Amino acid sequence: FGWMTGLTPADQAKRLNTPPQMGRGRGRGLPAERLAELHRRAADMRRNPTEPERRLWRHLSASQLEGCKFRRQSVIGASIADFYCPAARLVVEVDGDTHDAIKDHLRDDRLGAMGLRVVRASNHDVMTNIEGVLRTISEALRQADGPHPNPRIESRASIRPDGEGLDAVEAQRL
């Protein structure tokens with residue numbers, strides 16, 4: 001379309017009032033306006049995290065936990081995940097007093113239908129038992145399907161079903 005020259009793909013999508021391509025921005029076919037609003041809200045949430053989210057991020061950032069990279073406030077479908085590890089397909093949610101258990105369950109089901117697993121921790125647990133929260137997340141990461149993107153991480157390589165990354169003797173024991 002020659003008349004759209006100079007427009008960004010996002011502006012073209014808005015102008016044509018068509019949903020973005022499937023999977024683009026993990027918007028899952030949402031209208032461009034809704035997807036843009038989710039991204040704006042996620043950016044605002046990254047700039048203004050709650051204290052429990054800030055504390056948990058100190059342990060998840062820079063691939064500190066099990067060598068896995070996490071993203072903060074990541075748009076997935078019509079939701080914004082507090083923390084998301086794409087390699088393990090794991091969402092970590094920090095729930096405050098305002099969370100609705102029924103809505104959370106429905107959201108978990110939608111994320112599950114996309115092949116994602118959800119781990120939930122309460123604000124109270126993050127503030128008073130961060131070690132327990134990190135153990136729970138670590139266990140979920142270890143149970144992730146498929147190989148770790150960095151095979152040099154021994155703690156993750158030892159659980160690969162094909163035994164790759166293990167010594168021959170260790171692989172035979174499995």
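**Entry 1. The loop after H3**

I began with Ser 63, which I located in the loop between H3 and E1. The model I am reading is a predicted one. The phi of Ser 63 is near 55 degrees, a positive value in a residue other than glycine. I noted this because most residues other than glycine have a negative phi. For its surroundings, I recorded that Ser 63 is partly exposed, at a relative accessible area of 30%.

I then turned to Ala 62, placed in the loop between helix H3 (51-60) and strand E1 (71-76). Ala 62 also has a positive phi, near 55 degrees. Its relative accessible area is 71%, and I entered Ala 62 as exposed.

**Entry 2. The aromatic pair**

How many aromatic pairs does the structure hold? I found 1. It is formed by Trp 57 and Phe 83, and I recorded it as stacked, with 5.9 Å centre to centre and 10 degrees between the planes. Trp 57 belongs to helix H3 and Phe 83 to strand E2 (residues 79-85), so the pair ties together parts that are 26 residues apart in sequence.

Are the two partners buried or exposed? Trp 57 is partly exposed, with a relative accessible area of 22%. Phe 83 is buried, with a relative accessible area of 1%. The cut-off for buried is under 20%, so Trp 57 does not meet it at 22%.

**Entry 3. Strand E2 and its neighbours**

I followed Phe 83 into its strand. E2 is mostly covered, and I counted 7 of its 7 residues as buried.

On one side I looked up the pairing with E1: 5 bridges join E1 to E2, and the two strands run antiparallel. Within this pairing, Arg 72 stands opposite Phe 83 in E2. E1 and E2 form a hairpin with 2 residues between them. In that turn, Gly 77 has a positive phi of about 60 degrees.

I next examined the pairing with strand E3 (residues 90-95), where 3 bridges join E2 to E3 and the strands run antiparallel. Which residue does Phe 83 stand opposite in E3? I found Val 92 in that position. E2 and E3 form a hairpin with 4 residues between them. Arg 89 in the turn has a positive phi of about 55 degrees.

**Entry 4. Summary of Phe 83**

I closed by gathering what I had noted on this residue. Phe 83 is buried, is stacked with Trp 57, stands opposite Arg 72, and stands opposite Val 92 in E3.

Technical notes: Residues are numbered from 1 along each chain as its sequence is written. This is a predicted model: local features need pLDDT of at least 70, side-chain atom pairs count only at pLDDT 80 or more; totals for chains, interfaces and linings use all residues. Side-chain values use heavy atoms; hydrogens and water are left out. Buried means under 20% relative accessible area, exposed over 50%, partly exposed in between (1.4 Å probe, protein chains only). Rings of Phe, Tyr and Trp (its six-membered ring) pair if their centres lie within 6.5 Å; planes under 30 degrees apart count as stacked, over 60 as edge-to-face and the rest as tilted. Two strands pair if DSSP finds at least two bridges between them.
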